[in-house]
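Visitor: Could you take me closely through the interior of this protein, and through the empty space inside it? I would like one connected account, with the cut-offs stated.

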Amino acid sequence: MKETEVTKYQVGGDTMYIREGNVIHVVVVGYQSHEFALKVKEKCSELANQIEGMHHYLIDLNKCGKNDAAARKVWKELSRDVRTNKVATFGMNPVSRVIANFVIGTYEGKNIRFFKHEKDALKWLKEEDKD
């Protein structure tokens, strides 16, 4: 994909698009129901299919609201996809921290982390894997 070709999807208030470095950037806004999460997952999968090889997720939770338990399971499914290398979530609001803690706390993988700031999340995504 050329850098000038940007596929951008909007599902409700959520936006997702591909950034440099095979990063799928997702901006999460408001309440996330199970049905809504499935629609977001579908669009993220479409973006992932445009990337050769592995990809990362950069998830902006600054405007995120409550997530259904079933929606959180959908987020874990995306992070467990064989093509997903790392998932960096970030946000400063208390809701984003609670959501991230729920997802990360029940996830056994090492490829997901929470950061307060986007720049720190991007830095981690760009680091070479040491395992």
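Guide: What follows goes from the nonpolar core to the cavity.

This is a predicted model, in which local features need pLDDT of at least 70 and side-chain atom pairs count only at pLDDT 80 or more, while totals for chains, interfaces and linings use all residues. Residues are numbered from 1 along each chain as its sequence is written, and side-chain values use heavy atoms, with hydrogens and water left out.

A nonpolar core is here a set of buried Ala, Val, Leu, Ile, Met, Phe, Trp, Tyr and Cys residues joined through side-chain atoms within 4.5 Å, where buried means under 20% relative accessible area, exposed over 50% and partly exposed in between, with a 1.4 Å probe and protein chains only. The largest such core has 26 residues, and those touching the most other members are Met-16, Ile-24, Val-26 and Tyr-57. At least two residues of this core come from each of β1 (8–11), β2 (14–19), β3 (23–32), α1 (34–48), β4 (55–67), α2 (69–80) and α3 (94–105), and α1 supplies the largest share, six residues; these elements are DSSP runs numbered from the N terminus, helices (H or I) having at least four residues and strands (E) at least two.

Leaving aside residues up to four places away in sequence, Tyr-57 touches Ile-24, Val-26, Cys-44, Leu-78, Thr-84, Lys-86, Val-87, Ala-88 and Leu-125, a contact being heavy atoms within 4.5 Å. Of these partners, Cys-44 is buried, with a relative accessible area of 2%.

Turning to the empty space, a cavity is a set of points, on a 1 Å grid over the protein atoms alone, where a 1.4 Å probe fits but cannot get out, and its lining residues have an atom within 4 Å of a point. Grid points are joined across faces, edges and corners, and a volume is the space filled by probe spheres set on the points. One cavity of 30 Å³ or more is counted, with a volume of about 250 Å³. It is lined by 19 residues, of which Ile-59, Leu-61, Trp-75, Val-87 and Thr-89 lie nearest its centre. Two or more lining residues come from each of β3, α1, β4, α2, β5 (84–90) and α3, and β4 gives the most, with five. The lining has 16 nonpolar, three polar and no charged residues, counting Ala, Val, Leu, Ile, Met, Phe, Trp, Tyr, Cys and Pro as nonpolar, Asp, Glu, Lys and Arg as charged, and the others, Gly among them, as polar.

Key. On a 1 Å grid over the protein atoms alone, a cavity is a set of points where a 1.4 Å probe fits but cannot get out, and a pocket is an open set with protein on both sides within 12 Å along at least five of seven lines; lining residues have an atom within 4 Å of a point.
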